[in-house]
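Biologist: Could you take me through one part of this model up close, the place where two helices pack in the first domain, and then show me how that part sits beside the rest?

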Amino acid sequence: MDYLKEITGSDGSELAGKKIAMCVTASVSITEAPRIARALMRHGADVTIVLTREARDLVSSPVFEWSTGNRPITEITGRVEHVELASSVDLVLVAPCTANSLSKFASGIADDPVSTLICTILGTGVPLVIAQAMHEPMLKNPILQESMEKLKKIGAAFVSGRLEESKSKLATPEEILEAVIASLSPEKPHEYNLELQSIGFLITAGPTREPIDQVRFISNGSSGKMGVALAQACLRGSAGDVCLIAGPGVSIPPNIKDIKNVVTTEEMLQAVLKELDSGKYDVFISAGAPADYGVAHPKSGKINTSEKEQLSIELNATPKIIKAAKDKHPEVCVVSFKAEYGSELIRRSKESMQQSGSDLVVANDVSRGDIGFGSDQNEVTLVPREGDPKFLKKATKDEIADQILDFIVERKLVNF
Ligand SMILES: Cc1cc2nc3c(=O)[nH]c(=O)nc-3n(C[C@H](O)[C@H](O)[C@H](O)COP(=O)(O)O)c2cc1C
């Protein structure tokens, strides 16, 4: 079957000499699997397909033999091919990965060729890349989210596709190829600018809550991950003082020591002004997502729903934290985040800059479900008051945070 491998290396040599086990599970995106395998081969890889029983029912295995030139593994047999494969592969890719298989990996279940291979390689240092494909409700299932977090903690890399028509579509073969190449390339540590060490950062993260009564509130879906990533980047770069003001529900790693917890927008505002008054900070990054409206007359106790068929609530705009911070401390470089739907990000960012007085707007398109709110990834455009905007392509929030700090230092946005 060597003639089937003639395409090997035709588009690049990044994966030359690499043996990849590509696990395929029973998602409707299984039709993409041969294209993904061929893309890996075109960049030099030798690919062996491993199929779940359900996947084998959807697409017959000879298709994969013809795609890769290697006989797929379709059963757990006495020949323990999965064990041999586990000890000889350079990387395991699961594409597409169903909710069912993902849950099995996170629980240590090994009852088919794919879950048995994953169970064998987890913890051995063999890189694992997972490209998930499922319905939106499944993807948002907290148990599944927990499984993904669990797998990430032990080193699995996830390639998110797009959320379209309520389905988490599989990433493109090009995106999966890129993730595989990145997982096999030794990580280059980010080089932080030495000037960072003399810059103090105050950062907000997460949502705020505005009470309706004593048990209900208005809030939003911000996870606080971007603010936390920025605080982490500051610490990695040995920045001066680093303080994080966090709204409710933000998960904060233990290495961030200086934390102020707040609940309402007013509390966030007061905490920001108090910290800025200390004179310790050169940059205020407003990565939090305070609720824009608060209830004019919150009720004490609990509104009884059986007594009220309809409930009208009067809302008032909450204070604008960025404007208040800049008005009181014009010497501080203020960075704001602007979530916008669709096009005209830059024009709208410039407009918001005029209103709020911020010096740099980090603009992202929240109409895309694969980035921004709650996601681990982001894709943003940095719009400074003067000079050209800079587009940062889709990357983890940690990488985006590093690049935002680089931009602040390189464009000399800090007043010393
Ligand atoms: C045509 C078809 C398409 C499916 N697509 C998906 C999908 O995209 N994602 C998913 O999580 N499950 C999907 N399922 C359900 C899974 O196939 C089912 O959960 C199965 O048990 C998964 O088995 P496996 O993970 O062992 O391959 C689909 C089922 C069928 C019949």
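Modeller: Sure. Before the helix pair, one cut-off: two residues are in contact here if their C-beta atoms, placed from the backbone, lie within 7 Å. Keep in mind too that this is a predicted model.

With that in hand, look at H1 and H9. On the H1 side, the residues that meet H9 are Arg-35, Ile-36, Ala-39 and Leu-40. Facing them from H9 are Pro-173, Ile-176, Leu-177 and Val-180. Sort the residues of this contact by character and you get seven nonpolar, no polar and one charged.

Now the geometry. Helix H1 covers residues 33-42 and helix H9 covers residues 173-184, and the two pack at an angle of about 45° with their axes 9 Å apart. Because of that angle, H1 counts as oblique to H9. As for handedness, H1 passes H9 in a right-handed crossing.

Where does this pair belong in the chain? The protein is divided into domain 1, which runs 2-184, and domain 2, which is made of 194-293 + 311-410. The C-alpha centres of domain 1 and domain 2 lie 36 Å apart.

It helps to put another helix pair beside this one. Helix H11 (residues 265-277) packs with helix H12 (residues 321-328) at an angle of about 25°, their axes being 10 Å apart. That angle is why H11 is described as roughly parallel to H12. The crossing of H11 past H12 is right-handed. H11 brings Met-268, Leu-269, Val-272, Leu-273 and Leu-276 to the contact, while H12 brings Ile-321, Ala-324, Ala-325 and Lys-328. By character, the residues of the contact of H11 with H12 come out as eight nonpolar, no polar and one charged.

The ligand's surroundings read another way. Of the 16 residues around the ligand, Thr-25, Ala-26, Ser-27, Thr-52 and Thr-98 come nearest. Two elements give two or more residues to that shell, helix H2 (53-58) and helix H5 (99-107). H5 supplies the largest share of the shell, three residues. The make-up of the shell around the ligand is seven nonpolar, seven polar and two charged.

So, back to the part you asked about: keep the oblique packing of H1 and H9 and the contact with seven nonpolar, no polar and one charged residue in view as you turn the model.

Key:
Residues are numbered from 1 along each chain as its sequence is written. This is a predicted model: local features need pLDDT of at least 70, side-chain atom pairs count only at pLDDT 80 or more; totals for chains, interfaces and linings use all residues. A residue is near a molecule or strand if its C-beta atom, placed from the backbone, lies within 6 Å of it. Helices (H or I, at least four residues) and strands (E, at least two) are DSSP runs, numbered from the N terminus. Ala, Val, Leu, Ile, Met, Phe, Trp, Tyr, Cys and Pro count as nonpolar, Asp, Glu, Lys and Arg as charged, and the others, Gly among them, as polar. Axes are lines fitted to C-alpha atoms, for helices over the stretch in contact, and angles run from 0 to 180 degrees between N-to-C directions. Angles under 35 degrees count as roughly parallel, over 145 as roughly antiparallel, 65 to 115 as roughly perpendicular and the rest as oblique. A crossing is left-handed if the near helix is turned anticlockwise from the far one by less than a right angle, and right-handed if clockwise. Domain bounds come from an automatic or database domain assignment.
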